[in-house]
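This report walks through a few local features of one protein model. Look over the sequence and the structure first.

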Amino acid sequence: MTCSSDIVSDGKQLTHKDICFLLGQTEPEAVNALFKQAYQVKRDQIGTDVFLRGLIEIGNVCLRDCLYCGIRKSNPNFTRFSMTKQEIVNSALWIHQAGYGSLVLQGGELRDPDFADFIEDVLLEIKKLSGGSLGVTLSLGEQEKDVYARWFEAGAHRYLLRIESSNPKLFQQIHPPGYSLDDRITCLEYLRETGYQVGTGVMIGLPGQTVEDLASDILFFKEKDIDMIGMGPYIPHHDSPMFSTPATYEKKASFEMGLKMIAVTRIVLKDVNIAATTALQALKSDGRELGLKAGANIIMPNVTDTKYRPAYQLYDNKPGIDENSEACRNNLVLALKKVGESIVYNKWGDSKHFHKRCGLSKKS
Ligand code: 5AD
């Protein structure tokens, strides 16, 4: 009988069938063995350093109406906010002084020229305040290629744009008419051509999503030569149209599938950066730590001012709503210490995969 360790250790390229087999493991022994193997691959390929990205949720005004998302355009049941330039820069300064090394600016998708100018301005300020020593990731949705280029020039060098699912049919089902997976993929190509380290990801456990779909997602990451992965369990939001449709997994199974996706992605993609996301923590308080043990190497502590956090609920029970940045940092440090993981401060922690592909020397 084949067991998961045979599949992983015989050195062959994992097929779609192999990946389905690994994701389909449910016996605790087999699942733990899978996590252990993924951790070993992480150790061999990139070491066990954990890098931090301070996450600033810069605004919740969004032109999109994604059927799963709490901050979708047509949800009227919360206050919309947009941080000012000074507020964002102050948060960036906090991140810099805390030694996080990198930050992520994430927000609702906006595509007007004023927004493009605003972000460019903010990026230039951030560059100034840190003398260019802060790594900057953007997660601001689909944009024109020239906007991506301007933001790159102004100091951003990584971009996260999730495809949500590589199955075009499923992508259609979770978005309003007119949204297209092909457009998303075109944006990933623009980002690559512009010079960004490119990140993408999916939600895990979407209604109607199969293990085969998830295996295809991992092969999509591989085929597109993705540098960074941010993915996590789908968690229903009470004010979203998808709330009434049952998710594929109940909470415990959803969490476990989240970890298995990290583990198998690590085994298949090897040297990429993989985030242990907040959605994992929403399902289990030590979810992010367990994500690291299953092969992830990045954590994104929330640095958004607590006054804005209740209005950035992409899904129900998002953790850290009343935890300020200081508390968030202290809790994280303690939690990681407890599981024996070590944080690296004041480094960008770039994707090794990116630097290998580009043949560049390592930035830091
Ligand atoms: N559950 C889990 N993740 C979600 N996101 C949005 N809504 C949800 C939800 N209900 C994720 C999407 C998006 C990212 C910013 O947040 O994957 O790309």
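Contact means heavy atoms within 4.5 Å. Helices (H or I, at least four residues) and strands (E, at least two) are DSSP runs, numbered from the N terminus. The model is predicted: local features need pLDDT of at least 70, side-chain atom pairs count only at pLDDT 80 or more, and totals for chains, interfaces and linings use all residues. Residues are numbered from 1 along each chain as its sequence is written, and side-chain values use heavy atoms, with hydrogens and water left out.

**Helix 6**

Val147, Tyr148 and Trp151 are the buried residues of helix 6 (buried is under 20% relative accessible area, 1.4 Å probe, protein chains only). They fall within an arc of 100 degrees seen down the helix axis, so they line one face of helix 6. The arc is taken from the directions from the helix axis to the C-beta atoms. The elements that cover these buried residues include those in the table.

| Element | Residues |
|---|---|
| Strand 4 | 135–139 |
| Strand 5 | 158–160 |
| Helix 8 | 181–194 |

Helix 5 is also among the covering elements. Glycine 155 follows helix 6, and its phi is positive, near 130 degrees.

**Aspartate 271**

Where does aspartate 271 lie? It sits in the loop between helix 10 (251–269) and strand 9 (273–276). Aspartate 271 counts as buried because its relative accessibility is 7%. Its side chain makes a polar contact with the side chain of lysine 356, at 2.9 Å. A polar contact is a pair of N or O atoms within 3.5 Å; within protein, one must be able to donate a hydrogen and the other to accept it, and residues adjacent in sequence count only if both atoms are side-chain atoms.

Methods
Buried means under 20% relative accessible area, exposed over 50%, partly exposed in between (1.4 Å probe, protein chains only).
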